[in-house]
Amino acid sequence: MNANAHVIVGASLAGAKAAETLRLEGFDGPLVLIGDESERPYERPPLSKEYLIGKTDRETIYVHPQSWYSEHDVDLRLGAHVTGVDAAAHEIILADGSRVGYAKLLLATGSSVRRLAVPGSDAEGVFYLRRAADSDQIKSAFAVASRVAVIGAGWIGLETAAAARSAGAEVTILERGELPLLRLLGTEAAQVFAHLHRDHGVDLRFGVQVAEITGAAGRANGIRLADGTHVSADMIIVGIGITPDTQLAQAAGLQVSNGIVTSAQLRTSDPDIYAAGDVANAYHPLLGKPIRVEHWYNALHQPPAAARAMLGRDVAYDRVPYFFTDQYDLGMEYAGYVEPGAYDQVVFRGDVAGRQFIAFWLSGGRVLAGMNVNIWDVNDTIKAIVRRGGTVDVTRLANPDVPLDELLAG
Ligand SMILES: Cc1cc2nc3c(=O)[nH]c(=O)nc-3n(C[C@H](O)[C@H](O)[C@H](O)COP(=O)(O)OP(=O)(O)OC[C@H]3O[C@@H](n4cnc5c(N)ncnc54)[C@H](O)[C@@H]3O)c2cc1C
Ligand SMILES: NC(=O)c1ccc[n+]([C@@H]2O[C@H](COP(=O)([O-])OP(=O)(O)OC[C@H]3O[C@@H](n4cnc5c(N)ncnc54)[C@H](O)[C@@H]3O)[C@@H](O)[C@H]2O)c1
């Protein structure tokens with residue numbers, strides 16, 4: 001092994017933030033950041049929002065300027081796929097057979113899109129969205145498409161539907177569940193997103209089963225549902241979830257269960273291997289259980305904690321989970337964590353019909369999560385309420401005239 005090299009596999013947001021922290025914290029040994037994409041690390045949220053609708057250009061998506069890597073002596077290796085981890089030898093193995101030794105290794109391999117497995121799904125005109133090039137291709141297709149069908153009413157489905165509407169297309173969303181974002185938000189708040197898209201002219205169809213992508217000459221022209229209905233489309237976007245990229249960890253014998261299992265220090269079952277970002281199923285001290293989070297904020301803040309732990313610092317990652325979205329004129333932030341269905345009350349505060357409100361999810365009178373919609377500068381207080389635990393006065397929680405800060409006191 002290289003006695004003092006630190007190696008990071010996965011050169012995206014998580015990998016880049018870990019590299020940054022290692023240098024900030026004074027690590028001056030060899031630092032290798034390896035990724036199989038051709039682009040230097042970039043952020044994905046703009047790919048389904050401002051970048052997709054042409055409001056921002058490519059330069060704005062990157063985590064660091066190109067020069068940052070050489071300035072900080074980070075050996076950034078792009079287009080390099082890591083095929084294995086030899087934990088006993090403390091080496092990773094690249095697709096070309098070469099090996100790189102490590103003292104500490106961070107796996108920040110993220111996740112990959114789940115693919116649709118129905119006849120015709122390989123046809124031209126069927127798009128997935130994970131990488132910058134996918135966003136470019138979808139943007140080009142929007143320029144000529146007049147009917148867009150979206151499969152899945154999760155984050156990708158809803159955000160690309162909004163982008164397609166702003167590009168002037170007719171949009172149909174096909175979702176197998178009964179509402180958009182249902183597992184995450186529950187029925188009460190998920191309705192808000194159904195209304196939002198209907199109000200913007202989207203044809204939303206729930207409880208449907210996609211049976212086939214129809215087409216001619218290898219090009220998709222629509223979707224056949226299990227009940228025989230046909231939805232015509234010039235292009236199809238599939239957003240049916242992701243799977244964490246755990247293959248390296250699994251083959252190396254690390255503990256894997258819904259992601260790479262780690263401690264609150266982001267340490268895996270091998271003491272010299274860490275994991276962070278989408279791929280990590282990390283023990284969360286505040287929640288008292290492991291969680292895997294597929295969101296930007298986690299990929300931004302968890303890797304610095306992992307980097308500090310790699311340097312032997314005493315850390316525990318316990319930030320309140322957070323995510324955001326922008327769709328049409330709706331901006332939202334959500335802080336907290338609720339397992340599907342694990343709440344007994346949703347309290348709304350403000351104007352739900354006017355889409356300017358805060359929603360709180362409670363269990364036994366305790367706030368588990370809060371979501372501010374088109375109301376700003378309140379999310380830190382929501383995080384503090386969630387962190388505080390304890391019960392709240394629900395009447396005061398629902399009353400917009402009671403300052404949120406006062407609820408922190410109980
Ligand atoms: C279009 C889009 C929009 C999003 N918008 C939002 C949003 O608005 N809000 C929000 O909270 N979250 C959003 N997210 C989610 C957020 O982007 C992810 O949670 C975040 O990208 C996770 O970062 P990561 O670095 O852990 O993993 P990833 O971004 O998946 O990066 C992992 C990297 O590792 C590389 N890699 C994997 N295996 C190997 C290997 N064996 N060898 C070499 N390299 C490898 C991959 O190619 C990839 O570059 C969005 C995601 C997408 C796709
Ligand atoms: N604003 C954000 O936070 C944001 C934005 C974009 C992407 N992301 C992340 O990107 C990843 C991918 O997003 P996503 O939207 O693909 O996943 P998702 O898990 O958010 O939603 C997938 C949706 O597809 C539905 N579905 C699954 N299989 C289906 C099928 N065969 N037919 C019809 N519907 C089906 C599910 O019921 C679910 O509603 C996630 O990790 C997500 O967190 C986040």
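A polar contact is a pair of N or O atoms within 3.5 Å, and by that cut-off the 3.4 Å between an oxygen atom of ligand 1 and a polar backbone atom of Glu294 qualifies. The model is predicted, and the points below cover the surroundings of ligand 1, the nonpolar cores and helix 3.

**Ligand 1**
- In addition to Glu294, Asp278 places a polar side-chain atom 2.6 Å from an oxygen atom of ligand 1, while a backbone N or O atom of Ala14 lies 3.0 Å from an oxygen atom of the ligand.
- Of the 1000 Å² of accessible area that ligand 1 has on its own, the protein covers 94%, and the elements giving two or more residues to the surrounding shell are helix 1 (13-24), helix 7 (296-310) and strand 22 (322-327).
- Among the 33 residues around ligand 1, those that come nearest are Asp36, Glu37, Arg44, Lys49 and Asp278, and the shell divides into 15 nonpolar, 10 polar and 8 charged residues.

**Nonpolar cores**
- The largest nonpolar core has 51 residues, of which Val148, Phe193, Trp361 and Met371 touch the most other members, and helix 5 (residues 182-199) gives the most to this core, with 7 residues.
- Apart from this core lies another of 33 residues, among them Leu31, Leu33, Val74 and Ala309.
- Beyond its neighbours within four places in sequence, Val148 is in contact with residues including Phe142, Ala164, Met235 and Ile237.

**Helix 3**
- Within helix 3 (residues 132-142), the buried residues are Ala132, Asp134, Ser135, Ile138, Ala141 and Phe142.
- These buried residues pack against strand 9 (126-128), strand 10 (147-151), helix 4 (155-166) and strand 16 (235-238).

How values were computed: Residues are numbered from 1 along each chain as its sequence is written. Chains are lettered from A and ligands numbered from 1 in the order in which they are written. This is a predicted model: local features need pLDDT of at least 70, side-chain atom pairs count only at pLDDT 80 or more; totals for chains, interfaces and linings use all residues. Side-chain values use heavy atoms; hydrogens and water are left out. A nonpolar core is a set of buried Ala, Val, Leu, Ile, Met, Phe, Trp, Tyr and Cys residues joined through side-chain atoms within 4.5 Å. Buried means under 20% relative accessible area, exposed over 50%, partly exposed in between (1.4 Å probe, protein chains only). Helices (H or I, at least four residues) and strands (E, at least two) are DSSP runs, numbered from the N terminus. Contact means heavy atoms within 4.5 Å. A residue is near a molecule or strand if one of its heavy atoms lies within 4 Å of it. A polar contact is a pair of N or O atoms within 3.5 Å; within protein, one must be able to donate a hydrogen and the other to accept it, and residues adjacent in sequence count only if both atoms are side-chain atoms. Accessible areas come from the Shrake-Rupley method with a 1.4 Å probe; for residues, only the protein chains shown count as cover. Ala, Val, Leu, Ile, Met, Phe, Trp, Tyr, Cys and Pro count as nonpolar, Asp, Glu, Lys and Arg as charged, and the others, Gly among them, as polar.
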